[in-house]
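Subject: Structure handover

Hello,

Here is the structure I promised to pass on. Please open it first, then read my notes below.

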Amino acid sequence: MNYSAATVLLRPLNAFSIVICVGFIAMSTALQAADAVVVELMPSPAAINSSLSRVITNSKGQVYLSWVTREDELATLSYSKFEGDSWTDPAIISSGDNWFNNWADFPSLLVNDDNMAAHWLSMSAEGSYDYDIKVAFYSSRNDSWGKGITIHKDGISAEHGFVAMLPMSEGRTFISWLDGRETAGSGDHITPPRSDPGMPGAMTLRAGIFDRAGGTVSEWELDHRVCDCCQTSAAMSATGPLVVYRDRSDQEIRDIYITRYANGAWTEPMPIHNDGWEIAGCPVNGPAIAARGEQVAVSWFTAKDDAPLVQLVVSTDSGKSFSAPVLVASQTTNGRVGTTILESGDIAVSWMDTEGPDAKIMLTRFSAEGNLLETTQIADSKASRRSGFPIIDSVGNDVYVTWTDVSGAAQVKVARVIYGSSKGE
Amino acid sequence: MMRLNAIQALSTGLWGCNRINKLKIIRSMIVAAGLLGLALAATQLQDSQAAQQSPQNEAKWLIVNYWSEWCAPCRVEIPVLNALNETLSSTNVTIVGVNFDEDPREITLSIAADMGIEFPTLTMDVVAELKLRAPDVLPTTYILSPGREVVAKMIGAQTQESLLAQLAILNLPEEKD
């Protein structure tokens with residue numbers, strides 16, 4: 001068989017094809033380099049036996065880490081600031097031997113432009129499950145932390161926790177929390193229906209604004225009946241504070257609700273989506289909200305019909321309305337979500353994936369419109385409660401992630417996730 | 001053999017001491033032996049409790065209840081499970097608990113006592129052997145066959161009626177021979 005004629009014909013085509021292919025490969029490589037996701041494990045300022053960490057950023061782009069160390073009964077809340085390429089020496093905020101330390105409900109740090117606030121939970125009565133929220137405020141003038149102040153003024157021994165804090169102008173701090181003042185003496189939260197709000201029994205959602213010294217400027221009850229053991233989350237939108245939480249209907253539907261502060265009042269709580277998850281129990285899996293101007297993103301866990309899902313909704317009108325849910329993860333996820341909005345407008349959602357006793361900390365990036373860009377594994381972890389909730393925050397287009405490594409002695413870890421392109425489109 | 005060598009070494013070491021020091025050392029050894037005995041007894045007691053709490057050796061159906069100290073509906077459910085545990089005591093079904101928070105064993109038992117839990121609380125090793133997916137909601141109660149297959153999963157606080165209804169679907173319980 002004579003291939004010569006065909007060979008002659010194909011030769012210029014081959015040469016052309018090779019040039020095209022090389023060109024495509026070069027372009028693809030360049031695009032991949034631009035879009036490459038780098039997960040950079042940072043040194044940890046927290047020693048062995050540390051856990052319950054949070055990464056916090058402020059409007060100046062500074063990055064802080066808080067965590068708890070435990071030695072016998074004594075718990076200590078510390079923090080460190082990332083400067084240059086290292087963490088400052090850990091500084092102690094407070095310590096105590098009567099703290100309520102819980103893998104899902106744990107201390108936090110807020111860094112405002114010129115002041116800081118931190119919270120922890122303190123047992124309020126021996127032999128009970130009652131605890132108070134203590135908040136300490138940092139005085140830059142004295143370079144010291146004040147004593148912990150009980151922010152709720154009910155004086156009732158009950159459960160108070162699941163705090164979210166936001167910086168406000170003039171050094172003030174917005175705080176939302178779950179408040180069990182109406183559950184006291186009701187026989188372990190055998191709660192009445194919402195239609196009978198006069199009766200004691202339901203866990204409530206409350207919020208307040210506090211001045212630099214911890215004085216109460218304003219305080220509100222935002223919802224009279226909410227899920228007992230899920231985190232609250234708050235964000236500052238263009239129009240004011242937003243709070244998301246797990247609601248509890250008379251029919252035990254525990255979907256995620258939002259309330260907004262607008263025109264001097266809190267709006268009637270509304271669902272961000274009707275999952276219809278009916279459970280007479282505690283999911284211990286609260287939502288996470290982030291806002292940038294009018295853009296708002298909320299991720300959350302739900303498991304209707306015992307089918308676990310992590311979902312995301314986005315808003316372009318400061319949380320007045322939301323998109324249809326976008327699926328983030330399913331089947332093997334156990335939730336424990338985090339949400340942050342990057343400078344580009346992209347949205348990053350952290351979540352956990354489980355396989356038997358093992359787990360992975362995952363980070364998925366979406367466009368501002370909620371289109372999936374990519375999913376990246378941040379670290380191996382454990383499904384165990386001891387691994388806690390990974391926490392994320394961002395500066396520019398970099399996402400900071402912190403978690404507790406429980407493969408050996410517990411230790412807080414922190415990583416920076418660098419996205420190659422500034423706009424994921 | 002190693003223990004004998006250690007005793008010999010200790011005895012040899014004592015020869016080099018004066019009488020008062022010898023007495024002090026012997027007294028310390030007696031105290032240490034006493035403490036060691038107590039520790040061994042405590043370990044044996046713990047082992048015996050663990051064995052009692054291990055469901056692996058018994059061909060029984062298991063009701064596995066996940067609880068936590070901070071979970072209000074769990075606390076509401078505990079008396080129901082305690083009562084059912086007594087009702088089922090002479091049947092082929094047994095109730096066991098799991099501390100969702102995976103606290104150290106000593107703390108777990110202390111919490112269980114504080115919560116008034118009267119049925120056994122599994123060790124984390126035994127829980128791992130059961131290969132159950134940690135529940136998404138508390139309380140969650142599984143029913144496992146004698147072959148340790150999950151045959152029912154009940155989410156949220158249960159009542160005696162709901163638990164007995166679920167058992168009835170499985171034709172349980174049967175009286176023990």
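How many bridges join β21(A) to β22(A), and do the strands run parallel or antiparallel? Five bridges join them, and the strands run antiparallel. Before the rest, one caution: this is a predicted model.

**The hairpin**

Start with β21(A). Four of its five residues are buried, so the strand is mostly covered by the definition used here. A:Ala288 has A:Ser299 of β22(A) as its bridge partner. Two residues sit between the strands of this hairpin. There, A:Gly293 takes a positive phi near 65°.

**The sheet around it**

The hairpin belongs to an open sheet of four strands in chain A, in the order β21-β22-β23-β24. The pairing is antiparallel. β21 (288–292) and β24 (326–330) of chain A stand at the edges. Each has a single partner strand, so one side of each has no neighbour in the sheet. From one strand to the next, the twist averages 15°.

In the middle of that order, look at β22 (residues 295–302) and β23 (residues 309–315) of chain A. Seven bridges pair them, again in the antiparallel sense. A:Phe301 stands opposite A:Val310 in β23(A). As background, strands of a sheet pair through backbone hydrogen bonds, either parallel or antiparallel.

**The core**

The largest nonpolar core has 140 residues. Seven residues have the most contacts inside it. From chain A they are A:Ile175, A:Val244, A:Ile289, A:Val298, A:Leu312 and A:Val401. B:Leu138 is on that list too. In soluble globular proteins, nonpolar side chains tend to be buried together.

A:Leu312 is a good residue to click on. Leaving out residues up to four places away in sequence, A:Leu312 touches A:Ala297, A:Ser299, A:Pro325, A:Val326, A:Val328, A:Ile347, A:Val349, A:Phe366 and A:Gly370.

**Chain A as a whole**

Chain A has 425 residues, and 47% of them count as buried. Its secondary structure comes to one helix and 31 strands. Take the contacts in chain A between residues at least 6 apart in sequence: 51% of these join residues at least 24 apart.

**Two domains in chain A**

The domain assignment gives domain 1 (55–217) and domain 2 (227–425). Their C-alpha centres lie 20 Å apart. Where they meet, 23 residues of domain 1 are in contact with 27 residues of domain 2. On the domain 1 side, the elements that give two or more residues are β2 (50–57), β3 (63–71), β12 (160–167), β13 (173–179) and β14 (204–210) of chain A. β13(A) has the largest share, with four residues. What is the make-up of this side of domain 1? Its residues divide into 17 nonpolar, five polar and one charged.

**Chain B against chain A**

Now the contact between chains. 21 residues of chain B are in contact with 24 residues of chain A. On the chain B side, α3 (72–87) and β4 (150–155) each supply at least two residues. Which of the elements of chain B gives the most? That is α3(B), with four residues. The residues on this side of chain B divide into 13 nonpolar, one polar and seven charged.

Best wishes

Terms used: Residues numbered from 1 in each chain as written. Chains lettered and ligands numbered in written order. Predicted model: local features only at pLDDT ≥ 70, side-chain atom pairs only at ≥ 80, totals over all residues. Buried ≥ 20, exposed ≤ 12 C-beta atoms within 10 Å, placed from the backbone. Contact = placed C-beta atoms within 7 Å. Pairing = 2+ DSSP bridges. Axes fitted to C-alpha atoms, helices over the stretch in contact; angles between N-to-C directions. Core = buried A, V, L, I, M, F, W, Y, C linked by C-beta atoms within 7 Å. Nonpolar A, V, L, I, M, F, W, Y, C, P; charged D, E, K, R; others polar. Domains from an automatic or database assignment.
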